[in-house]
Amino acid sequence: METKNILEISHLNREFRIGGMILGNKIMAVDDVSLKMPSDESWIMSIVGESGSGKTTLAKMILGLLDISGGNIILDGKSINYHMKHKKEFYRIVQPIFQNPFTNFSMKRTVDCYLYETALNMDMAKNKDDAKEVITDTLKKVGLSYDQVKNKYPNQFSGGELQRISIARALITKPKIIVADEPVAMIDASLRMNIVNIFKNLKEEYGVSFIYITHDLSTAYYVSDYIATMYKGSMIEFGKAREVLENPGHPYTELLLESIPKVGAKWSGKDRPHMEDAENKIMNGVGCKFAKRCPYAKDVCFQKSLSMVKLNESHKTLCIKQNNYKVD
Ligand SMILES: Nc1ncnc2c1ncn2[C@@H]1O[C@H](COP(=O)(O)OP(=O)(O)OP(=O)(O)O)[C@@H](O)[C@H]1O
């Protein structure tokens with residue numbers, strides 16, 4: 001029997017044009033990304049990669065916030081085009097959490113207004129009393145009580161608390177997947193684990209799956225069931241977290257792993273792999289984008305188009321070294 005997938009991404013592309021129509025260039029922010037995530041288990045899949053590798057662009061397409069240039073995204077068996085016409089249904093499958101919780105809420109409104117609005121507008125409650133129950137329940141899931149939140153403005157909370165309220169808001173529709181784009185980036189390093197532990201708990205207790213986009217390698221490796229590495233728009237490795245960590249299939253993932261396990265480690269300063277914008281331009285799709293920096297590169301890596309090499313059923317990489325430099 002074929003496995004059911006909650007998320008299927010196939011040959012997904014997103015181009016951006018930078019500069020003018022004549023002298024400008026195209027950037028392939030997401031370049032032929034394919035991925036399948038199962039529906040019969042809940043999971044946390046981290047997407048890691050340096051700045052500009054396409055993580056946010058990918059997240060926005062999954063959330064329906066950005067049009068796709070090519071390929072498809074299928075969520076719970078239906079394509080993103082269908083979902084864009086059935087938004088209420090869509091928001092019961094996927095919900096976002098963003099980097100800066102303070103931008104989610106107006107400073108002039110109390111945060112509980114947002115929670116009531118979501119519960120009522122998304123038909124998760126028939127009336128205000130019902131909504132209060134739903135809100136109390138979701139706040140409990142993130143370690144907060146209704147009284148802690150009632151009648152309070154965003155500036156009465158810390159960044160960590162407000163992020164927990166954002167998570168509660170996302171949970172109101174009982175989504176199957178939460179896409180969290182850099183959810184701990186603005187939060188004090190000492191409190192980051194609290195947030196990722198909430199993800200872990202929501203996964204284990206309530207079956208919510210997470211796409212966790214992060215620069216914070218230490219939390220990614222702590223919390224992930226699966227890891228995807230992005231490099232210049234391509235997904236260059238995907239696999240079960242343990243396998244990727246113990247046996248990285250791509251030299252770029254190896255490079256990233258060298259920079260952990262420092263708590264709160266980021267790609268910055270001299271640790272950050274060098275990337276010129278020019279390198280990100282479309283290179284006629286030929287050769288490996290990492291070849292110039294790769295210690296194992298051979299001529300063939302510059303000359304041939306690559307496709308994913310399977311290391312096993314759940315671990316694949318865009319590196320032909322793993323295939324003894326043979327191209328299919
Ligand atoms: N609206 C846009 N117009 C033009 N180029 C864009 C746009 N959005 C993203 N890009 C480009 O697409 C590429 C991928 O950007 P994206 O923000 O998805 O990367 P990222 O991995 O999320 O980076 P970061 O970790 O810094 O958020 C980058 O080269 C970026 O400059």
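**Figure 1. D123, an exposed residue in a loop of the predicted model.** D123 counts as exposed because its C-beta has 10 other C-beta atoms within 10 Å, and the cut-off for that label is 12 or fewer. The model shown here and in the other views is a predicted one. D123 sits in the loop that runs between α4 and α5 (128-141). Its backbone is worth a look too: phi is positive, at about 60°, although D123 is not a glycine.

**Figure 2. D76, another non-glycine residue with a positive phi.** Here phi comes out at about 50°, and again the residue is not a glycine. D76 belongs to the loop between β4 (70-75) and β5 (78-79). Is D76 buried, exposed or partly exposed? With 18 C-beta neighbours inside 10 Å, D76 lands in the partly exposed class, because that class covers the counts between 12 or fewer (exposed) and 20 or more (buried).

**Figure 3. The shell around the ligand.** Zooming in on the ligand, you'll find 13 residues around it, and the closest are F16, A29, S51, T56 and T57. Three elements give two or more residues to this shell: β1 (5-18), β2 (25-38) and α1 (55-62). Which of the elements gives the most? That would be α1, with 3 residues. By residue class, the shell splits into 8 polar, 4 nonpolar and 1 charged. For anyone setting up a calculation on the complex, the predictor's own scores are an ipTM of 0.96 and a pTM of 0.90.

**Figure 4. Helix α1, mostly covered.** Staying with α1, we see that 7 of its 8 residues are buried. The buried ones are K55, T56, T57, L58, A59, M61 and I62. T56 and T57 also turn up among the closest residues to the ligand. Just past the end of α1, G64 adopts a positive phi of about 70°.

**Figure 5. M21, out in the loop between β1 and β2.** M21 is found in the loop that links these two strands. How many other C-beta atoms lie within 10 Å of M21? The count is 6, so M21 is exposed. For a sense of scale, pick L202 as a second point: M21 and L202 are 181 residues apart along the chain, and their C-alpha atoms are separated by 46 Å.

**Figure 6. Domain 1 against domain 2.** The domain assignment splits the protein into domain 1 (5-93 + 175-282) and domain 2 (108-173). Taken over C-alpha atoms, the centres of the two are 27 Å apart. Their contact draws 15 residues from domain 1 and 11 residues from domain 2. On the domain 1 side, α3 (87-91) and α8 (189-206) are the elements giving two or more residues. The largest share of that side comes from α8, with 6 residues. In terms of chemistry, the domain 1 side has 11 nonpolar, 3 charged and 1 polar residue. From UniProt comes a separate annotation, in an unreviewed entry: "domain: ABC transporter" at residues 7-257. Over residues 7-257, the chain is 39% helix and 26% strand, and the end C-alpha atoms are 27 Å apart.

**Figure 7. Q99 and its partners from further along the chain.** Q99 is placed in the loop between β6 (94-97) and α4 (111-121). Leaving out residues up to four places away in sequence, Q99 touches D181, E182, P183, A185 and M186. Take M186 as the example: Q99 and M186 are 87 residues apart in sequence, yet 6.5 Å apart in space, C-alpha to C-alpha. Q99 has 19 C-beta neighbours inside 10 Å, so Q99 counts as partly exposed; the buried label would take 20 or more.

**Figure 8. I165, buried in helix α7.** I165 lies in α7, the helix of residues 159-171. The label is buried because I165 has 25 C-beta neighbours inside 10 Å. Beyond four places in sequence, I165 touches V111, L144, V149 and F157. S69 is another matter: it is 96 residues from I165 along the chain, and the two C-alpha atoms are 34 Å apart.

**Figure 9. The low-confidence stretch at residues 267-283.** Over residues 267-283, pLDDT stays under 50. The model has 19 contacts for this stretch beyond four places in sequence. Where pLDDT is low, the predicted coordinates shouldn't be read in detail. For the protein as a whole, the mean pLDDT is 89, and 91% of the residues reach 70 or more.

Technical notes: Residues are numbered from 1 along each chain as its sequence is written. This is a predicted model: local features need pLDDT of at least 70, side-chain atom pairs count only at pLDDT 80 or more; totals for chains, interfaces and linings use all residues. A residue is near a molecule or strand if its C-beta atom, placed from the backbone, lies within 6 Å of it. Helices (H or I, at least four residues) and strands (E, at least two) are DSSP runs, numbered from the N terminus. Ala, Val, Leu, Ile, Met, Phe, Trp, Tyr, Cys and Pro count as nonpolar, Asp, Glu, Lys and Arg as charged, and the others, Gly among them, as polar. UniProt positions are given in the numbering used here, feature names are shortened, and annotations may be inferred rather than shown by experiment. Domain bounds come from an automatic or database domain assignment. Two residues are in contact if their C-beta atoms, placed from the backbone, lie within 7 Å. pLDDT is the predictor's confidence in each residue, from 0 to 100.
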